[in-house]
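Biologist: Can you walk me through this model? I'd like the cut-offs as we go.

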Protein chains: 2
Amino acid sequence: MSEPASARASDRAYAEIRALILAGEIAPGASVTEQMLAEIVGVSRTPVRDALRRLEAELYIRRSGSKRLLVADWSRDDLAEMFTLRAMLEAHAAARAAERIEPSALVELKETNARLAAELARPVPDIAVFLAENRRFHELVINAAGSPRLAGMLGKLVEQPVVRRTAARYSADELRRSEREHAELILALEARDPDWARAVMTAHIRRAFHAFSAASR
Amino acid sequence: MSEPASARASDRAYAEIRALILAGEIAPGASVTEQMLAEIVGVSRTPVRDALRRLEAELYIRRSGSKRLLVADWSRDDLAEMFTLRAMLEAHAAARAAERIEPSALVELKETNARLAAELARPVPDIAVFLAENRRFHELVINAAGSPRLAGMLGKLVEQPVVRRTAARYSADELRRSEREHAELILALEARDPDWARAVMTAHIRRAFHAFSAASR
DNA sequence: CGCGGGACTATTGTATACAAAACGACTGGC
DNA sequence: GCCAGTCGTTTTGTATACAATAGTCCCGCG
């Protein structure tokens, strides 16, 4: 990861608090105060407030009674909703990408999926590496869509806990399936066929959703 | 408008700055400083910064070179993108609403569209009233979809300048067409037919988009 | 013993002062 | 005359102090 520990205190606060929530170290539904977060991160309340605004916009945090801060606790329905929205938006992104992707981006997609495949081919694949490459792959597709608003919306959705909490439970078979679906998406993008790309992406995400549902029942 | 001038300074700042941008009183692409905004609103920089975070998340404001603040200047492509995303998301909302809308919400929808129709029937319709009822109508549909994330995303998209800047240029005929489309959507929702509802909403918004494009060419 | 009111406390919201960084302009050298 | 480096100014970022407000707890009264 080796982040340069961004100079901005508010960025550090954002990253750190978000990491705490994603790692479950804060406990979903728990109430937090600006003060305690400030102490954890080691900065004053000002940058923490800044970070909280962002986290609130991204639904990692809610406000109860317009005051108290609660960390998000997603219900099964919430997760289903996220997957559904993500499927719709990311399928749209794939379709747009098919119409306008640059050759260089296609190359990068292939390289990324190759790294992902290589990891899976190892005797004991490192899930974290898989997730990183997977994330990178989807990010490339979204960027290729050339729609900043879409990218912004998806940015908030994609990284949400779902992936992290569940990927560990995916079977090796599921992971290889992902890699093959990525490969097919690349074919669709190369063919510049938006309908095909949309369909592949929709199937890819909805399959992941059901794999997730089954695994976490 | 008669807003109760919310107790929170940051809310006032948010509303006021947003209004300035929407009314075009700040000039798209212009650069602003926290200080000057603070003076305009009559509060300190702190709540202004708070408001700016929100406005930034909603893309009313960008940051150049990761520092300076610029008010958004939407290109034709940006506007097309907003309409496209809105059409997709709101059509989805309509489909979900068809499956789960409450009878009471249906009644409210009818009442809202009736008020909208009544306004159009007057000798000189007040566009502001039309816009308010129109907004309310769409809001009801979105809420009936029962998907908070979807509602959040659309909230940011729907109100964006498009509506305000352009509705004044819509012909009376266009406005009546909107009312009829709303009526058809209500039929689709009553029939609990998601596909129908989706199609009507898609058509409704894409028609509005093209009316807008033609009017602002 | 239960209920309401009021003071206390914890927490958020706002202002101000200060630090760091970025932009711009000026000057000196080449 | 042009480029680069540096200094000053402007603007953002952070800390701290203070104000307002919501939540709670306890006491007194019915």
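Modeller: Sure, one term to begin with: a residue is buried if 20 or more other C-beta atoms lie within 10 Å of its own, exposed if 12 or fewer, and partly exposed in between, with C-beta atoms placed from the backbone. This is a predicted model, where local features need pLDDT of at least 70, side-chain atom pairs count only at pLDDT 80 or more, and totals for chains, interfaces and linings use all residues. Residues are numbered from 1 along each chain as its sequence is written, while chains are lettered from A and ligands numbered from 1 in the order in which they are written.

Biologist: Okay, which residues of H1(B) are buried?

Modeller: B:Ser10, B:Ala13, B:Tyr14, B:Ile17 and B:Ile21. Seen down the axis of H1(B), they fall within an arc of 100°, so they line one face of the helix. That arc is taken over the directions from the helix axis to the C-beta atoms. Helices (H or I, at least four residues) and strands (E, at least two) are DSSP runs, numbered from the N terminus.

Biologist: Why would they end up facing one way?

Modeller: An α-helix has 3.6 residues a turn, so residues three or four places apart point the same way.

Biologist: And what do the buried residues of H1(B) pack against?

Modeller: H2, H3 and E3 of chain B. Contact here means C-beta atoms, placed from the backbone, within 7 Å.

Biologist: What follows H1(B)?

Modeller: B:Gly24, and its phi is positive, near 75°.

Biologist: Let's switch to H5(B). What span should its 19 residues have?

Modeller: For residues 103–121 of chain B, 1.5 Å a residue gives an expected 27 Å, and the end C-alpha atoms are 27 Å apart, which agrees. The expected span is 1.5 Å times one less than the number of residues.

Biologist: Which residues of H5(B) are buried?

Modeller: B:Leu109, B:Thr112, B:Asn113, B:Leu116 and B:Glu119. They cover an arc of only 115° around the axis, which puts them on the same side of H5(B). B:Pro103, B:Ser104, B:Val107 and B:Ala121 are exposed on the other side. Helix H6 (127–144) and helix H9 (172–190) of chain B are among what covers the buried residues.

Biologist: New topic: how are chains A and B related?

Modeller: A rotation of 180° with 0.1 Å of shift along its axis superposes chain B on chain A, with RMSD 0.2 Å. That is the relation of a two-fold axis. The fit is least squares on the C-alpha atoms of residues with pLDDT of at least 70 in both copies.

Biologist: How many residues are in contact between them?

Modeller: 14 residues of chain B touch 13 residues of chain A. On the chain B side, H4(B) gives the most, with 5 residues. Also, 93% of the interface residues of chain B are interface residues in chain A too, so the copies meet through the same surface.

Biologist: Last one, the DNA. Which residues come nearest to strand C?

Modeller: Of the 19 around it, B:Ala9, B:Ser10, B:Ser44, B:Thr46 and B:Gly65. A residue is near a strand if its C-beta atom, placed from the backbone, lies within 6 Å of it. H3(B) has the largest share of that surface, 4 residues.

Biologist: And strand D?

Modeller: 18 residues surround DNA strand D, with A:Ala9, A:Ser10, A:Val43, A:Ser44 and A:Thr46 the closest. H3(A) supplies the largest share of the surface near DNA strand D, 4 residues.

Note on methods
Contact = placed C-beta atoms within 7 Å.
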